[in-house]
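Please look through the following model, after which a few questions about its sheet and its chain contacts are taken up in turn.

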Amino acid sequence: MTSPLDGLWERIPPIALPRHPVVISTRIRLARNLAGIPFKRSLDADQQRALVDTLSQATCTSLAERAHMHCKLHEVDHLEHQALVERHLISPALAASPRPTACTVTDDEAATMMINEEDHLRLQVITPGLDLTGALELAISLDQALERQVEWAVHERFGYLTACPTNTGTGMRASIMLHLPALSRTDELASAFRGLGQLHMTVRGLYGEGSEAIGNYYQISNQRTLGLSEEEIIGQLGEVVEVVIDHERLAREALLDRHRSEIDDQIHRAIGCLANARLLTSHEVCEQCNWLRLGMDLGLIDRALLPGMLAVESQSKTAHLRLTHGDAEQPEQRKQLRARLFRNWIASWPSTN
Amino acid sequence: MHITEQSPPSAGQARGQIQSLDICHHCLGEKGLDDEDQPISIDLILNRDDPPSAIQQVAASDQRCPHCGLRLSQFVASKRFGCIHDYDLFGDTIVPLLDEFHGASHHVGRLPADDGGAETNDTFQRRLRYERELQDAIAGERYEEAARLRDKLKELG
């Protein structure tokens with residue numbers, strides 16, 4: 001059975017070399033609802049199908065001048081939903097929804113329009129590195145293109161109306177994903193994050209179990225969407241993130257100054273593990289790549305290896321493996337495949353590394 | 001999902017109180033908290049966040065939206081509106097909630113340009129009407145009418 005997503009999983013995601021040693025990516029999300037149409041909780045099955053068809057057409061038309069793909073999620077296998085989540089193209093909530101849903105994604109994977117999620121439409125823009133202004137400009141231009149196709153529910157007092165009032169106003173959630181291995185190691189995260197709550201910012205550790213975030217990835221987001229303009233929101237978030245970045249930079253300098261041989265050893269142990277392991281779990285990949293990323297940021301490993309690492313990381317994720325390899329149904333098979341992918345990648349490194 | 005929260009330290013303390021919680025995404029969804037973009041807290045998950053007293057008082061009278069049928073008590077429980085009219089109907093009541101969460105209750109950001117695509121919203125209504133009529137026609141074995149409705153849906157795209 002063919003799928004509108006055929007070919008996507010073998011394709012290496014477009015990866016630009018991140019311009020920042022601490023910030024992984026910038027994300028802007030806009031929540032929108034059609035005027036005159038009830039919110040999610042009040043939509044019956046017929047209305048949901050009509051919503052999906054209407055917004056599918058509108059999103060594709062709005063992206064007519066940009067290469068894009070469209071998929072009605074209830075018409076494809078759940079495994080492809082999972083792969084879209086792994087690729088950060090849709091939210092876990094959309095993937096798991098039993099309702100009719102859809103997504104329209106630009107071919108460069110910079111923008112996704114999720115249909116019938118928490119709101120009628122969730123527009124997401126992701127850019128590498130720290131680029132709140134660029135991400136906001138793209139999000140607004142896509143929103144304006146949509147506004148030429150549809151009429152959003154807007155209130156003169158409350159702004160863009162959303163199902164949950166915590167999203168109303170701008171309907172905008174701006175987030176920065178950061179890599180904070182030095183602060184995590186020196187137990188200084190609490191002081192770096194102190195006061196974020198009073199500034200109406202939230203912090204999430206990503207991919208975590210227990211009290212630590214695996215891979216030392218953290219996401220800082222604005223909480224307020226009402227009473228501030230879009231520019232004020234990204235301005236405040238940018239200021240907060242710069243303080244955290246400074247903390248991480250100082251912590252990395254101190255780490256190199258006092259524990260260089262230990263850090264160097266840890267980084268090269270990670271290379272050794274990925275170069276030789278015969279079985280790798282996703283957890284192990286995240287942990288070891290965390291060290292490789294730090295090594296690249298500290299100049300101990302060639303930074304030009306980063307796009308390759310990100311590509312192999314993406315292809316080694318569970319749903320991607322199951323979609324691209326016929327022998328990846330069992331966890332043991334996937335551990336072997338994952339290990340082989342990384343061995344092959346490291347074997348391709350220039351000898352200077 | 002695992003959440004660890006640390007409250008600010010009290011006077012004389014080196015660090016604040018730490019509390020932790022593990023919860024699966026299924027249970028988060030049942031509480032209406034599975035939106036990954038929503039701020040989340042342990043108090044919110046354990047329903048320790050009490051709505052402002054103004055909302056509690058009005059929820060006792062339990063006003064109901066004539067458009068979507070949502071009662072204010074249902075909104076207080078789920079924190080989700082049923083339609084855009086709920087903002088006007090319950091607006092004065094939720095203003096304390098907005099002030100508490102956002103620190104404001106007036107939008108100051110951008111708004112759509114005047115030449116919005118209202119036609120597409122009419123298309124939604126026409127699509128919905130044709131699909132319902134199509135189901136009726138098929139159920140009533142009025143196949144010529146069903147074919148005509150299917151053609152109309154195709155024209156909508």
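Q: Which residue in strand 10 of chain A does A:Val203 stand opposite?
A: This is a predicted model, in which local features need pLDDT of at least 70, side-chain atom pairs count only at pLDDT 80 or more, and totals for chains, interfaces and linings use all residues. Residues are numbered from 1 along each chain as its sequence is written, and side-chain values use heavy atoms, with hydrogens and water left out. Strand 9 of chain A runs antiparallel to strand 10 (residues 217-222) of chain A, with 5 bridges joining them, where strands are DSSP runs (E, at least two residues) numbered from the N terminus. In strand 10 of chain A, the residue opposite A:Val203 is A:Ile220.

Q: Which strands of chain A stand at the edges of the sheet?
A: The open sheet of chain A has 8 strands in the order 2-3-4-5-1-8-10-9, two strands being paired if DSSP finds at least two bridges between them. Each edge strand has a single partner, so one side of each is left without a neighbour, and these are strand 2 (68-72) and strand 9 (201-205) of chain A.

Q: Which acidic residue forms a salt bridge with B:Arg132?
A: Between chain B and chain A the count is 5 salt bridges, each a side-chain nitrogen of Lys or Arg within 4 Å of a carboxyl oxygen of Asp or Glu. In the one formed by B:Arg132, the closest N and O atoms are 2.3 Å apart, and the partner is A:Asp44.

Note on methods
Chains are lettered from A and ligands numbered from 1 in the order in which they are written. Helices (H or I, at least four residues) and strands (E, at least two) are DSSP runs, numbered from the N terminus.
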